[in-house]
Amino acid sequence: MTISHDVAGSGPALVLLHSGVCDRRMWDAQAPALIDAGYRLVRCDFRGFGQTAAADGPHSDAEDVLELLDALGIGQAALVGASYGGQVTLEIAARWPGRVSAMVLVCSALPGHEPSPALEAVGEREDALLEAGDIAGAVELMADTWLGPDADEAAREAVHLMQRHAFEVQLAAEEFEPIEAEFDLATIEAPCLALSGGHDLADFQRIAARLPDLLSDARHLELPWAGHLPSLERPSVVTDLLLGFLRERLPAH
């Protein structure tokens with residue numbers, strides 16, 4: 001199965017991977033500038049998000065992305081991953097180091113991370129609302145939890161739209177957990193910029209701060225104004241950060 005995606009531009013390949021409360025539309029504000037800067041931009045939807053159908057069996061999101069790259073004839077790409085998309089980015093970079101030229105992790109999750117009581121409480125509240133059939137309440141919880149104070153009404157509406165769609169698709173399908181592969185982060189060769197948000201849950205702040213110790217070439221930058229979804233909260237600032245890092249590590253032709 002090839003996951004839904006769009007491709008635009010020419011130059012070094014750049015793949016954008018979305019968070020678990022959004023889909024590939026979360027990068028709408030960044031896409032034009034990245035294409036204009038000389039990158040071949042690929043955006044995709046994981047299974048059960050956006051335009052990709054829910055999984056019909058055990059699956060690996062990392063392997064889905066690699067299959068997409070193969071189908072597009074992309075041997076190596078820079079990856080930008082937000083939250084769960086960051087975790088997928090780390091898995092790809094660890095399992096297939098030669099396929100990843102550089103990576104930006106935006107408030108990334110981390111394989112094997114033990115969630116804090118605060119993070120577990122969010123998940124339990126989400127599950128309770130969905131089990132009660134209150135999709136609107138669950139959507140509102142996600143927007144309140146993951147958007148920082150700088151998010152405007154357009155950002156909230158975008159999260160509402162993407163998260164509601166994901167809930168509806170996933171609740172209508174049989175649930176299959178992604179396959180958890182074993183891998184070693186020490187095998188990652190790609191240079192990394194790890195962004196965290198000063199208003200995000202502490203779990204994701206701690207993960208970003210740890211990454212320079214876990215990876216061979218990584219630096220951490222905290223965005224004091226940001227929640228968990230800075231690309232929606234201050235789009236132009238995140239665009240500039242991406243372009244600055246990419247121009248340094250993966251210059252466009």
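Colleague: Where does Met-103 sit?

Modeller: In this predicted model, Met-103 is part of strand 5, and its relative accessible area is 0%, so Met-103 counts as buried.

Colleague: What does Met-103 touch, leaving aside neighbours within four places in sequence?

Modeller: Its contacts include Leu-79, Thr-89, Leu-90 and Ala-93, and also Ile-188, Ala-190, Pro-191, Cys-192, Leu-193, Leu-215 and Phe-245. Gly-244, which is 141 residues from Met-103 in sequence, has its C-alpha 13 Å from that of Met-103.

Colleague: And which residue stands opposite Met-103 in strand 6?

Modeller: That is Cys-192, and the two strands, 5 and 6, run parallel and are joined by 4 bridges, with strand 6 covering residues 192-197.

Colleague: How many residues of strand 5 are buried?

Modeller: 7 of the 7 are buried, so strand 5 is largely enclosed by the rest of the structure. Strand 5 also pairs with strand 4, in the parallel sense and over 6 bridges, and one of the bridge partnerships there joins Ala-82 to Val-106 of strand 5.

Colleague: Which helix goes with strands 4 and 5 in a β-α-β unit, and is that unit right-handed or left-handed?

Modeller: Helix 3 does, and together with strand 4 and strand 5 it makes a right-handed unit.

Colleague: What about the loops at those strands, which residue has a positive phi between strand 4 and helix 3?

Modeller: Ser-83 lies in that loop, with strand 4 spanning 77-82, and Ser-83 has a positive phi of about 55 degrees although it is not a glycine. Most residues other than glycine have a negative phi. Ser-83 has 10% relative accessibility, so it counts as buried.

Colleague: Which residue does something similar in the loop between strand 5 and helix 4?

Modeller: Cys-107, which lies in the loop between strand 5 (100-106) and helix 4 (117-131), has a positive phi of about 50 degrees and is not a glycine either. Cys-107 is buried, with a relative accessible area of 0%.

Colleague: Switching to helix 2, which of its residues are buried?

Modeller: Helix 2 runs over residues 61-71, and its buried residues are Asp-61, Ala-62, Asp-64, Val-65, Leu-66, Leu-68 and Leu-69. An α-helix has 3.6 residues a turn, so residues three or four places apart point the same way.

Colleague: What covers those buried residues of helix 2?

Modeller: The cover includes strand 1 (5-8), strand 2 (13-17), strand 3 (40-44) and helix 3 (84-95). Just after helix 2, Gly-73 takes a positive phi of about 70 degrees.

Colleague: How many residues are in the largest nonpolar core, and which have the most contacts inside it?

Modeller: That core has 86 residues, and those with the most contacts inside it are Leu-14, Trp-146, Leu-215 and Leu-229. Helix 5 (residues 135-146) gives the largest share of this core, 7 residues.

Colleague: What does Leu-14 touch?

Modeller: Not counting residues up to four places away in sequence, Leu-14 touches Leu-34, Tyr-39, Arg-40, Leu-41, Val-42, Ala-78, Val-80 and Leu-246. Leu-246 is also among the buried residues of helix 9, along with Val-238, Thr-239, Leu-242, Leu-243 and Phe-245.

Colleague: How far apart are the end C-alpha atoms of helix 9?

Modeller: They are 21 Å apart, which agrees with the span of 21 Å that its 15 residues, 235-249, should have at 1.5 Å a residue.

Colleague: Back to loops, is Asp-45 buried or exposed?

Modeller: Asp-45 is buried, with a relative accessible area of 2%, and its place is the loop between strand 3 and helix 2. Leaving aside neighbours within four places in sequence, Asp-45 is in contact with residues including His-18, Asp-23, Arg-24 and Gln-51.

Colleague: And Asp-184, where is that, and is it buried or exposed?

Modeller: Asp-184 lies in the loop between helix 6 (153-171) and strand 6, and Asp-184 is partly exposed, with a relative accessible area of 45%. A polar atom of the Asp-184 side chain lies 2.9 Å from the backbone nitrogen of Ala-186.

Colleague: Last one, what is Ala-226 in contact with, beyond its neighbours within four places in sequence?

Modeller: Ala-226 is in contact with Gly-197, Gly-198, His-199, Asp-200 and Glu-233. Ala-226 lies in the loop between strand 7 (218-223) and helix 8 (230-233), and is buried at a relative accessible area of 0%.

Technical notes
Residues numbered from 1 in each chain as written. Predicted model: local features only at pLDDT ≥ 70, side-chain atom pairs only at ≥ 80, totals over all residues. Heavy atoms only, no water. Buried < 20%, exposed > 50% of the residue type's maximum accessible area, 1.4 Å probe, protein only. Contact = heavy atoms within 4.5 Å. Core = buried A, V, L, I, M, F, W, Y, C linked by side-chain atoms within 4.5 Å. Pairing = 2+ DSSP bridges. Right-handed = clockwise from strand over helix to strand, strands pointing away. Expected span 1.5 Å × (residues − 1). Polar contact = N/O pair within 3.5 Å; in protein donor to acceptor, adjacent residues only side chain to side chain.
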